[in-house]
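This report is meant to be read with the sequence and the coordinates side by side. Please have both open before going on.

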Amino acid sequence: MTFSKPFRRLLVANRGEIAVRIIQAARELSQPIEVYALYTEDDTSHCDTAHPDQALLIPSVATYLDIPFLVHLAQDHAIDAIHPGYGFLSESAEFAARMQDAGITVIGPGSSVLARTGDKLQAKQLARECDVPVLPAMTQPTADVAEVRAFARQVKYPVMVKAVDGGGGRGIRLVYGEEQLEGAVRGAVNESPSQTVFVEKAAVKGFRHVEVQVVGDGVEVRHLWERDCSVQRRFQKVVEMAPSVIGDRGLVQRVVDAALRMARAIRYRSLGTVEFLVNEGNGEFYFLEINPRIQVEHTVTEEVTGVDLVQAQLRLAMGYTLAQLGLGDVGLATPTPTVHSIQLRLCAEDPRNQFALSVGKVTELVVPGGHGVRVDTHVRAAGASPVVVGAQLDNLLAKIIVTASTWEGAVLKARRVLADTTVAGVRTNLELLRGIVAQEDFLAGRIDTQWLESSLDQVLQQGASVSRSARTQGPVQGQRPSVLPSAPSSNLLFRRGDAWSINLTPVEASEQSQQHRLQLTRVLRNDFPTSLAADIEYQTPSSSTAYRLELAATSTSASALFSSAHRRGDMSNPRHIVLPLSGKLIEVLVSAGEHVAENQVIAFIKQMKMEVEVRSPRAGHAQWVYEMEDEEEDVAEGMLLVELTDGLQGKL
């Protein structure tokens, strides 16, 4: 069978777990394709895990967004097609057009469709043309706070401030009053490539986030049912499921039909997701946006339909029709999926510290297997390049997907898998996930987009209880659950007489190196790599000294970010305002000698491309303020940002 656009070489222009997923899918195609991948010096795990045919070193993470560089690189290596994954340039009409001009196919719907669907205001206009309900919204993009304020007053609070193009959940701010508006506009503008936003009336109480998976060949469009993504925090999805647990399937069908009308109106090609807010209580639903790319949560649709979405996406780009993919009748008279699937996003973050990014090296990842359990990850705790979580990249470590014949069965399976999951080296949201699936509201399907944030304390308490139970039970001595993927056992044994030689070689001096000897004389506690306590003897050619060694794994490599220009703050000192998280410091808003108000925003830190406000916990006068030397600076949790004078005001 011959198709119009066969590929000889495919470049995967992404990283992390989605790069692994695409590389593996491409390697499994019946038509041989040479698969190329990109990597940076400190981020290679996706290549180590998925084994592309060729791996190309790029200068930095920013190169993933450098369109001219990628065009030249693709031409230099005779690349036929590029898969952008999600994020980065996956929704860039300019990227697709530039590659098309160079004779290179970008896996996706094409530049013209990207231009219309990637712009949220244009997408809303499309919805109106297709008689799909939309919320009252501004019709023109803006960065003017006064314009935004005028519209918000007109439609009444609460409102949503949204980046016009891109940004995902990071580009959305829910605003309940005018005092929050200016900061919300700033945050959304910074997530928008065009530096513009719009505002719409917020639909909050009782609304679920439901999205419909569509697939088209440029002529025909079909659907692969819906996903429910209501379990989210600050518009960042945490847990997704397919199908939705909405009991009114007639309402779901109306939502699916609306998605198909929009996709057919633009003769959609490739994979796409049409997103809605749905209220089962009153039967209302409203269009949100179109995501013209593969979604993070595509996995649950694959599990309930049996369709490999990534391979379908690749074949459609080669010129296959839906009929040739075996999808010609999907969605016309197909019954609701007979199984249920749940995806749980395991992320390196600390839910008990405002979900701050947890920087560090992943030393262990243990996820139990079993029937109906899938793990999509790029983490390789063993091997030459363990994953190091930093401030520049996504903190998603793994997607844990469980599937069962009933909703209750899927939830119970999720509880078992999460209870037996272990991660070491960084803090994660594992307890949060455990708490979510343990909630009776979750099991009963009583959730909406505000459920997680309104129940957060209770969820975390429940998750901590599950974690304590898991630690109490623990593995049988000498037994370990299976490790995914290939993580080493942490149960290291030490024997009498074990010793290590340390050879110190001067870098520049010409003197001869000296032999040093380190001997463990008694192991007091061995939970390596989490912790280790031992008595040691350290011998040099001129001396022998006994020491007590205490080793403890840290959940952050933040201490490594401290430079001689950084002062470490003292949390117990009321005059110190200390950075609560690590990341890239992008702006300090106060200067020495200025008055600082309690709860005033004094700095912005970027974590994974999202700006986070740093607020002063108290009032006072700034005696000393950290001065930035560069436009962006790596900073560590615990760094002193501002020192106040003794004349403090407010509660200390």
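What follows goes from the protein as a whole to its helix packing, two buried polar side chains and some backbone details.

**The protein as a whole**

The model is a predicted one, and its secondary structure comes to 16 helices and 34 strands. Of the 652 residues of the protein, 54% count as buried. Among the contacts between residues at least 6 apart in sequence, 67% join residues that are at least 24 apart.

**Two helix pairs**

Helix 3, which covers residues 67-76, and helix 4, which covers residues 93-101, have axes that come within 10 Å and cross at roughly 30°. Because angles under 35 degrees count as roughly parallel, helix 3 is described as roughly parallel to helix 4. The crossing of helix 3 past helix 4 is right-handed, and the contact is made by I67, P68, L70, V71 and A74 from helix 3 together with E94, F95, R98 and M99 from helix 4. By residue class, the contact of helix 3 with helix 4 holds seven nonpolar residues, no polar ones and two charged ones.

Helix 5 (residues 111-118) and helix 6 (residues 120-129) pack at an angle of about 90°, their axes being 5 Å apart, and the two helices are therefore roughly perpendicular to each other. On the helix 5 side the residues involved are A115, R116, T117 and G118, which meet K120, Q122, A123, L126 and E129 of helix 6. The contact of helix 5 with helix 6 divides into three nonpolar, three polar and three charged residues.

**A covered helix and its ends**

Helix 11, residues 309-318, is mostly covered, with 10 of its 10 residues buried. The buried residues of helix 11 include the charged R315, along with Q311 and Q313. At the N-terminal end, D308 acts as a cap, since a side-chain oxygen of D308 lies 3.2 Å from the backbone nitrogen of V310. Just after helix 11 comes G319, which takes a positive phi of about 110°.

**Two buried polar side chains**

What does the side chain of K399 meet within the protein? K399 lies in strand 21, residues 396-404, and is buried, with a relative accessible area of 0%. The side chain of K399 makes a polar contact with the side chain of E17 at 3.2 Å, and a polar atom of the K399 side chain also lies 2.7 Å from the backbone oxygen of V296. Leaving aside neighbours within four places in sequence, K399 is in contact with E17, V296, H298, T299, Q343, L344, R374, V375 and D376. One of these residues, D376, is 23 residues from K399 in sequence, while the C-alpha atoms of the pair are 5.1 Å apart in space.

S230 belongs to strand 10, which spans residues 221-233, and because its relative accessibility is 0%, S230 counts as buried. A polar atom of the S230 side chain lies 2.9 Å from the backbone nitrogen of H209. Not counting residues up to four places away in sequence, S230 touches R208, H209, I447, D448 and T449.

**Backbone details in loops**

The table lists two cis peptide bonds and two residues with a positive phi that are not glycines.

| Residue or bond | Backbone feature | Angle |
|---|---|---|
| Y157 to P158 | cis peptide bond | omega about 5° |
| A242 to P243 | cis peptide bond | omega near -10° |
| F235 | positive phi, not a glycine | phi about 65° |
| F355 | positive phi, not a glycine | phi about 60° |

P158 is placed in the loop between helix 7 (145-155) and strand 6 (159-163), whereas P243 lies in the loop between strand 11 (236-242) and helix 9 (249-265). F235 is found in the loop between strand 10 and strand 11. F355 sits in the loop between strand 15 (349-350) and strand 16 (356-357).

Is F355 buried or exposed? With a relative accessibility of 10%, F355 counts as buried, because the cut-off for that class is under 20% relative accessible area.

Definitions and conventions
Residues numbered from 1 in each chain as written. Predicted model: local features only at pLDDT ≥ 70, side-chain atom pairs only at ≥ 80, totals over all residues. Heavy atoms only, no water. Buried < 20%, exposed > 50% of the residue type's maximum accessible area, 1.4 Å probe, protein only. Helix = DSSP H or I, 4+ residues; strand = E, 2+ residues; numbered from the N terminus. Polar contact = N/O pair within 3.5 Å; in protein donor to acceptor, adjacent residues only side chain to side chain. Axes fitted to C-alpha atoms, helices over the stretch in contact; angles between N-to-C directions. Parallel < 35°, antiparallel > 145°, perpendicular 65-115°, else oblique. Left-handed = near helix turned anticlockwise from the far one by under 90°. Contact = heavy atoms within 4.5 Å.
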